[in-house]
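Open the model in a viewer and keep the sequence panel visible. The stops below go from one residue outward to the strands, cores and loops around it.

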Amino acid sequence: MDTRAKPAYDNRDDDTRMTAVPAPILALTDLATRLPPRGALIGLDLGAKTIGVATSDPDRRLATGVETIARTNFSADAKRLLALAAERTAVAFVLGLPVNMDGSEGPRAQSTRSFARNLARLTELPIAFWDERLSTAAVERELIAANARRDRRKAVIDEHAAIFILQGALDRLRNVAKPQKS
């Protein structure tokens, strides 16, 4: 089965169209069992105004930044994300899920889940969530430690948060794939 990204839209009038079968939305551990041996993952940090995008190498060892997308409307945002996935022959998406510190899900998490459901209608690529608690704060601390100016931090924070989210997911996927020692 070919699991590479297949854009589920045509280029007419920037419209998107639904796929016949929506992509599965899975827990990260369930995603591990569905992934082919090789293939990049796309990591997303969804913000109110921007979407940070990261990708992994085909062996899924290292996350690197791709870009920050200025959000306009869902159709345009999804079209860009699907194009990036196709360019990188991605096999899945990993979305950062902004869970509250007590483990509950607030409006931002609900918005992320809604985005995933809508994206799933446009692609066959599986979608998984990764708990992104404190990812932006950790990235901001790293950028401050690197003496990045405030305007520079603002320009790259979402992309770097996507890297942080995707790298955490990659590390977890590697641990899921390893047999447990007794």
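Select Val53 and show every residue in contact with it, where contact means heavy atoms within 4.5 Å. Leaving out residues up to four places away in sequence, Val53 touches Ile42, Gly43, Leu44, Gly65, Val66, Glu67, Ile69, Leu81, Leu84, Glu159 and Ala162. This is a predicted model, in which local features need pLDDT of at least 70 and side-chain atom pairs count only at pLDDT 80 or more, while totals for chains, interfaces and linings use all residues. Residues are numbered from 1 along each chain as its sequence is written, and side-chain values use heavy atoms, with hydrogens and water left out.

**The strand around Val53**

Extend the selection to β3 (50-56). Helices (H or I, at least four residues) and strands (E, at least two) are DSSP runs, numbered from the N terminus. How many residues of β3 are buried? The count is 7 of the 7, so β3 is largely enclosed by the rest of the structure. Buried means under 20% relative accessible area, exposed means over 50%, and partly exposed is in between (1.4 Å probe, protein chains only).

Colour the two faces separately. In a regular strand the side chains alternate between the two faces of the sheet. On one side of β3 are Thr50, Gly52, Ala54 and Ser56, on the other Ile51, Val53 and Thr55, and all of them are buried.

**The neighbouring strands**

Add β2 (40-46). Strands count as paired if DSSP finds at least two bridges between them. β2 and β3 run antiparallel and are joined by 5 bridges, with a hairpin of 3 residues connecting them. Pick out Asp45, which stands opposite Gly52 in β3.

Now add β4 (63-70). β3 and β4 are also antiparallel, with 7 bridges. In β4, Thr68 is the bridge partner of Gly52.

**The turn at Arg60**

Move to the hairpin of β3 and β4, which has 6 residues between the strands. Within it, select Arg60, whose phi is near 55°, a positive value in a residue other than glycine. Most residues other than glycine have a negative phi. Arg60 counts as buried because its relative accessibility is 12%.

Next, select Arg38, in the loop between α1 (28-34) and β2. Outside the residues up to four places away in sequence, Arg38 touches Pro58, Asp59, Arg60 and Val91. A distance label between the C-alpha atoms of Arg38 and Pro58 should read 5.3 Å, although these two are 20 residues apart along the chain.

For a second positive phi, go to Thr89, where the value is near 45°. Thr89 is in the loop between α2 (74-87) and β5 (90-97). Is this residue buried or partly exposed? Thr89 counts as partly exposed because its relative accessibility is 37%.

**The cores**

A nonpolar core is a set of buried Ala, Val, Leu, Ile, Met, Phe, Trp, Tyr and Cys residues joined through side-chain atoms within 4.5 Å. The largest has 26 residues, and those with the most contacts inside it are Leu44, Ile51, Val53, Phe93, Leu95 and Phe115. At least two of its residues come from each of β2, β3, α2, β5, α3 (107-120) and β6 (127-131). Apart from this core lies another, of 16 residues, including Leu31, Leu41, Ala128 and Leu170.

**Aromatic rings**

Show Phe74 and Phe115 as sticks. Rings of Phe, Tyr and Trp (its six-membered ring) pair if their centres lie within 6.5 Å; planes under 30 degrees apart count as stacked, over 60 as edge-to-face and the rest as tilted. The count by this rule is 1 aromatic pair. Phe74 and Phe115 form it edge-to-face, at 5.3 Å centre to centre with 75° between the planes. The pair links helix α2, which holds Phe74, to helix α3, which holds Phe115, across 41 residues. Phe74 is partly exposed because its relative accessibility is 25%, whereas Phe115, at 5%, is buried.

Then select Arg113 and Phe129. Arg113 lies over the face of Phe129, at 4.7 Å from the ring centre. The rule asks for NZ of Lys or CZ of Arg within 6 Å of the ring centre and within 35 degrees of the ring normal.

**Zooming out**

Finish with the whole chain, which has 5 helices and 6 strands. Their order along the sequence is β-α-β-β-β-α-β-α-β-α-α. Of the 182 residues, 44% are buried.
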